[in-house]
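The exercises below ask you to read a fold from its contacts, strands, cores and rings. Try each task with the structure in view before turning to its solution.

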Amino acid sequence: MALKYSSDAQPKILVFHVGSLGDTLIALPAMWAVRTHHPQAHITLLTKTSARPGIPVGEDILQGSPLFDAYKLFNGDYHAYGRNLSAWEKAREALRLWWWLRQQRFDTVVYLAPSVRDRAQIQRDLRFFRAAGITHVIGARELEAVNLSRQPATPPLPMHPREAQWMLDRLSGSEVRPPALTQARRDLALSTLELQQALEWMHAQGAPSDRPWVALAPGTNLPSKRWPLERFAEVGQHLMQEFDMWPVVMGGAEDVDDAQHLLNQWGRGTLAANRLSVRQSAAVLQHCILYVGNDTGVMHLAASADVPCVAIFSARDLPGKWHPLGSGHTVMRSSVPCEGCMLVRCEEHERRCLTLIGVQEVSQHAARILQHATQHQDQPPARRQALP
């Protein structure tokens, strides 16, 4: 179905997507597909405000890229169903958003809500968009079909399609005609200036130019996804002994203590946790040869910069769903009888799915990537340039 444009010469498109860092990066292939098909359109991203201070949202992640011309934040989940809001506050916020949408006169909405949304939520969203005057919707019916086709998750779990693939599939019923996931664009469109500033920042922190830089991310937003910190320390030590690499420890404000602990043990490295914006972190990552870390937003940020990842996954979620995009990655995941538990904390089994993943195997996979990248030991590692 073709877009139904208003009388304006420049079509106006609203992209609805909610989620934090990892969710936003996973949606990049679908977002780029929309922008590529409509290069002259005025495209606005509608996304919720951050769940708590310091957690990046769409504008923090995408500002500076050509994906969107404008950003609109709303309080809490759609219809202003936010946390800790009174009924009056929810109604007020919903009315404000409704009035803003009416004024903007969007031609269409591209519905990139998370795949966990159920039929009732989808229908509620569509009623709200219709009430705001947007009748042409891409992606909602496809999401309903995807959800209806899913089977209950019972161990052993088969490999599932990536969430990014589901996002692209939801555009397939429209004129956008998304590319195959392997061919889709998924970067943040970092500029040459951003990459140069990242180099300057790293050098100011004492990072040597003649050593390979390796990003490590020991943190995660869920305790059930956290590989033991001391195992990261051992992996880093092995890689330093064998490759003389320079560790760059990434993460958020909650990861600073763990990051500093690792650097103290190693006696070298750069503390990047909570020091940089999302785009600055992406620029630093693009100069790294390898990422080693948990299943977290930083992992997806590294993948968006084409950095090979050794990603350590718990078995709480569906295998394959959140794997890093691109090639050259190694995903470490143990299949256990309780996989698919979706626990925030794993106290009964003490994160057995993670503790089964040993230091030696993680180190071996990381060493293989480093060996390939640094096979010319007499040459300094090449720093990356901006993606086209």
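**Exercise 1.** For contacts between residues at least 6 apart in sequence, work out what share joins residues at least 24 apart, and describe the chain that makes them.

*Solution.* In this predicted model, 74% of the contacts between residues at least 6 apart in sequence join residues at least 24 apart. The chain that makes them has 388 residues, of which 53% are buried, and it contains 14 helices and 11 strands. Its accessible surface comes to about 17,800 Å², with 50% of that area belonging to carbon and sulfur atoms.

**Exercise 2.** Determine which strands pair with β1 and which residues stand opposite Phe 16.

*Solution.* Begin with β1 itself, where five of the five residues are buried. Lys 12, Leu 14 and Phe 16 point one way from the strand, while Ile 13 and Val 15 point the other way. Next, look for partners: β1 pairs in the parallel sense with β2 (residues 42-48) over five bridges, and also in the parallel sense with β4 over four bridges. Finally, place Phe 16 between these neighbours, since it stands opposite Leu 46 in β2 and has Tyr 111 as its bridge partner in β4.

**Exercise 3.** Classify the ring pair of Phe 16 and Tyr 111 as stacked, tilted or edge-to-face, and do likewise for Trp 98 and Trp 99.

*Solution.* A search of the whole structure finds seven aromatic pairs. For Phe 16 and Tyr 111, the ring centres are 5.6 Å apart and the planes meet at 40°, so the pair is tilted; the class follows because planes under 30 degrees apart would count as stacked and those over 60 as edge-to-face. The two residues are 95 apart in the chain, with Phe 16 in β1 (residues 12-16) and Tyr 111 in β4 (residues 108-111), and both are buried. Trp 98 and Trp 99 also form a tilted pair, at 6.1 Å centre to centre and 40° between the planes. Turning to accessibility, Trp 98 is partly exposed at 26%, and Trp 99 is partly exposed at 49%. Ring pairs further link Phe 16, Phe 74, Tyr 111 and Phe 129 into a cluster.

**Exercise 4.** Identify the rings over which the charged ends of Lys 12 and Arg 185 sit.

*Solution.* The charged end of Lys 12 sits over the ring of Phe 106, at 5.3 Å from the ring centre. For Arg 185, the ring is that of Trp 32, with the charged end 3.8 Å from its centre.

**Exercise 5.** Find which helix gives the most residues to the largest nonpolar core, and trace the contacts of Leu 171.

*Solution.* The largest nonpolar core has 65 residues, and those touching the most other members are Met 31, Leu 62, Phe 68, Leu 171, Leu 188, Val 248 and Tyr 291. Helix α2 (residues 28-37) gives the most to this core, with six residues. Setting aside residues up to four places away in sequence, Leu 171 touches a group that includes Ala 30, Ala 33, Val 34, Val 110 and Leu 112. A second, separate core has 34 residues, among them Val 249, Leu 290, Met 332 and Ala 366.

**Exercise 6.** Decide which strands stand at the edges of the six-stranded open sheet.

*Solution.* The strand order is β8-β7-β6-β9-β10-β11, with parallel pairing. Strands β8 (270-271) and β11 (330-332) are at the edges, and each has a single partner strand, so one side of each lacks a neighbour in the sheet. At the β11 edge, three bridges join it to the parallel strand β10 (residues 309-312), and Val 310 stands opposite Thr 330.

Technical notes. Residues are numbered from 1 along each chain as its sequence is written. This is a predicted model: local features need pLDDT of at least 70, side-chain atom pairs count only at pLDDT 80 or more; totals for chains, interfaces and linings use all residues. Side-chain values use heavy atoms; hydrogens and water are left out. Two strands pair if DSSP finds at least two bridges between them. A nonpolar core is a set of buried Ala, Val, Leu, Ile, Met, Phe, Trp, Tyr and Cys residues joined through side-chain atoms within 4.5 Å. Buried means under 20% relative accessible area, exposed over 50%, partly exposed in between (1.4 Å probe, protein chains only). Contact means heavy atoms within 4.5 Å. Accessible areas come from the Shrake-Rupley method with a 1.4 Å probe; for residues, only the protein chains shown count as cover. Rings of Phe, Tyr and Trp (its six-membered ring) pair if their centres lie within 6.5 Å; planes under 30 degrees apart count as stacked, over 60 as edge-to-face and the rest as tilted. A charge sits over a ring if NZ of Lys or CZ of Arg is within 6 Å of the ring centre and within 35 degrees of the ring normal.
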